[in-house]
Amino acid sequence: MMIEQHIEELRAELRNAWDVIERREIEGELEMALAELAVIEAEQDGIIDAEPPF
């Protein structure tokens, strides 16, 4: 599954979640997915280097 699709699915789940605990879990997953997407985009743009520093 592409990360963008995963993010959209998490957003849809968040819109439909009524339970506070479930909302927090989904929000955490969404935050991680958005961070992962930001890293992928930065790597593609050459802003960060994907190679380890050693």
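## Two helices and a lot of negative charge

Glu8 has a relative accessibility of 45%, so Glu8 counts as partly exposed. That is a handy place to start, because Glu8 is one half of a salt bridge, with a side-chain nitrogen of Arg or Lys within 4 Å of a carboxyl oxygen. Keep in mind that this is a predicted model.

The partner of Glu8 is Arg11, and their closest N and O atoms sit 3.0 Å apart. That falls inside the 4 Å cut-off, which is why the pair counts as a salt bridge. Both residues belong to helix α1, which covers residues 3–16. They are three residues apart, or about one turn of the helix. Arg11 is partly exposed too, with a relative accessible area of 33%. How many salt bridges does the count come to? The answer is one.

Stepping back to the overall fold, the protein has two helices and zero strands. Its radius of gyration is 14 Å, while the globule rule gives 10 Å for 54 residues, so the protein is more spread out than a compact globule. Along the principal axes, the C-alpha trace spans about 45 × 20 × 15 Å. Of the 54 residues, 19% count as buried. About 4500 Å² of the protein is exposed, and 55% of that area comes from carbon and sulfur atoms.

Now for charge. There are 16 negative side chains and 4 positive ones. The centres of these two sets lie 13 Å apart. Some of the negative residues gather in a surface patch, made up of Glu9, Glu13, Asp19, Glu22, Glu25 and Glu29. Two elements, α1 and α2 (20–45), each give two or more residues to that patch. Which of them supplies the largest share? That is α2, with three residues. Glu29 is located in helix α2, and its relative accessibility of 41% makes Glu29 partly exposed.

There is a nonpolar patch on the surface as well. Val39, Ile47 and Ile48 make it, and it comes to about 270 Å². Ile48 sits in the segment after α2 and is partly exposed, at 37% relative accessible area. A patch residue needs over 30% relative accessible area, so Ile48 clears that bar.

Two more residues give a feel for how the chain is laid out. Is Ile7, in helix α1, buried or exposed? Ile7 is buried, since its relative accessible area is 3% and the buried class runs to under 20%. Ile7 and Ala33 are 26 residues apart in sequence, yet their C-alpha atoms are 6.3 Å apart in space. Gln44 tells another story: this residue of helix α2 is exposed, with 64% relative accessible area. Between the C-alpha atoms of Gln44 and Arg15 there are 30 Å, with 29 residues separating the two along the chain.

Here are the individual residues again, with their places and accessibilities.

| Residue | Place | Relative accessible area | Class |
|---|---|---|---|
| Ile7 | helix α1 | 3% | buried |
| Glu8 | helix α1 | 45% | partly exposed |
| Arg11 | helix α1 | 33% | partly exposed |
| Glu29 | helix α2 | 41% | partly exposed |
| Gln44 | helix α2 | 64% | exposed |
| Ile48 | segment after α2 | 37% | partly exposed |

Notes. Residues numbered from 1 in each chain as written. Predicted model: local features only at pLDDT ≥ 70, side-chain atom pairs only at ≥ 80, totals over all residues. Heavy atoms only, no water. Helix = DSSP H or I, 4+ residues; strand = E, 2+ residues; numbered from the N terminus. Buried < 20%, exposed > 50% of the residue type's maximum accessible area, 1.4 Å probe, protein only. Rg over C-alpha atoms; globule rule 2.2 N^0.38 Å. Areas by Shrake-Rupley, 256 points an atom, 1.4 Å probe, with all protein chains shown as cover. Lys, Arg positive; Asp, Glu negative; His and termini not counted. Charge placed at Lys NZ, Arg CZ, Asp CG, Glu CD. Patch = residues over 30% accessible without salt bridge, like charges linked within 9 Å, V, L, I, M, F, W, Y side chains within 5 Å.
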